[in-house]
Amino acid sequence: MFSIKSYNELSKDELFAILRVRVDVFVVEQTCPYPEIDEVDNNAQTQHVFLFKGQQVAAYARCYKKNEQFSAFGRVLVAEQFRGEGLATKLVQTAIDTCKEHWPDKAIMIGAQCYLTAFYQQFGFENVGDDYLEDGIPHQDMCLK
């Protein structure tokens, strides 16, 4: 179902489709101009989790080692035309499994948009600290031990 590849394993077409859907969701749809592409994307250890439906990326997340204490995942999305199919739950579980496989001794830390905290709590994530604004959007750090 989901493909999991490092930056070096991605084809040019896969990378293009991933970056395009991320800009569509996080920059255009959420009207949030910020540097969407960063050094986490091309880190050799970063794992890109994605699902294509036809020629389009339907769901995506990236998993990475945040620091010596934590792994993380972010840029979690389901493309607008594929929402309501249960892909978000499958995507997040795949991201958790990917983090545990690649960094088994690390807790998983995420920066969740506040309206999604109850969704992530279903997977065992707990809130850490106070809400904060990131690029004008309320977020909450959450941890899965």
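**Figure 1. The second largest pocket of the predicted model**. This pocket has a volume of about 270 Å³. Its lining is made of 13 residues. Closest to the centre are Arg20, Val21, Asp24, Gln56 and Gln81.

**Figure 2. Helix α1 at the second largest pocket**. α1 gives the most to this lining, with seven residues. Both α1 and β3 supply at least two residues each. By class, six lining residues are nonpolar, three are polar and four are charged.

**Figure 3. The largest pocket and its centre**. The space in the largest pocket comes to about 940 Å³. The lining of this pocket counts 42 residues. Phe26, Arg75, Val76, Gly111 and Gln113 are the closest to the pocket centre.

**Figure 4. Helices and strands around the largest pocket**. Three helices each supply at least two lining residues: α1 (12-29), α2 (87-102) and α3 (117-121). The strands β3 (56-65), β4 (70-78), β5 (107-113), β6 (126-134) and β7 (137-144) each do so as well. β4 holds the largest share of the lining, seven residues.

**Figure 5. Residue classes in the lining of the largest pocket**. Nonpolar residues number 25 here. Charged residues number 10, and polar residues number seven.

**Figure 6. The order of helices and strands in the chain**. The protein chain has three helices and seven strands. Along the sequence they follow the pattern β-α-β-β-β-α-β-α-β-β. The radius of gyration is 14 Å, close to the 15 Å that the globule rule gives for 145 residues, so the chain is as compact as a globular protein of that length. The C-alpha trace spans about 40 × 30 × 30 Å along its principal axes.

**Figure 7. Burial and contacts in the protein chain**. Of the 145 residues, 46% are buried. Now take the contacts with a separation of 6 or more. Residues 24 or more positions apart account for 58% of them.

**Figure 8. The span listed by UniProt**. An unreviewed UniProt entry lists residues 5-145 as "domain: N-acetyltransferase". In the predicted model, this span is 28% helix and 37% strand. The C-alpha atoms at the ends of the span lie 24 Å apart.

Conventions. Residues are numbered from 1 along each chain as its sequence is written. This is a predicted model: local features need pLDDT of at least 70, side-chain atom pairs count only at pLDDT 80 or more; totals for chains, interfaces and linings use all residues. Side-chain values use heavy atoms; hydrogens and water are left out. On a 1 Å grid over the protein atoms alone, a cavity is a set of points where a 1.4 Å probe fits but cannot get out, and a pocket is an open set with protein on both sides within 12 Å along at least five of seven lines; lining residues have an atom within 4 Å of a point. Grid points are joined across faces, edges and corners, and a volume is the space filled by probe spheres set on the points. Helices (H or I, at least four residues) and strands (E, at least two) are DSSP runs, numbered from the N terminus. Ala, Val, Leu, Ile, Met, Phe, Trp, Tyr, Cys and Pro count as nonpolar, Asp, Glu, Lys and Arg as charged, and the others, Gly among them, as polar. UniProt positions are given in the numbering used here, feature names are shortened, and annotations may be inferred rather than shown by experiment. The radius of gyration is taken over C-alpha atoms; the globule rule is 2.2 Å times the number of residues to the power 0.38. Buried means under 20% relative accessible area, exposed over 50%, partly exposed in between (1.4 Å probe, protein chains only). Contact means heavy atoms within 4.5 Å.
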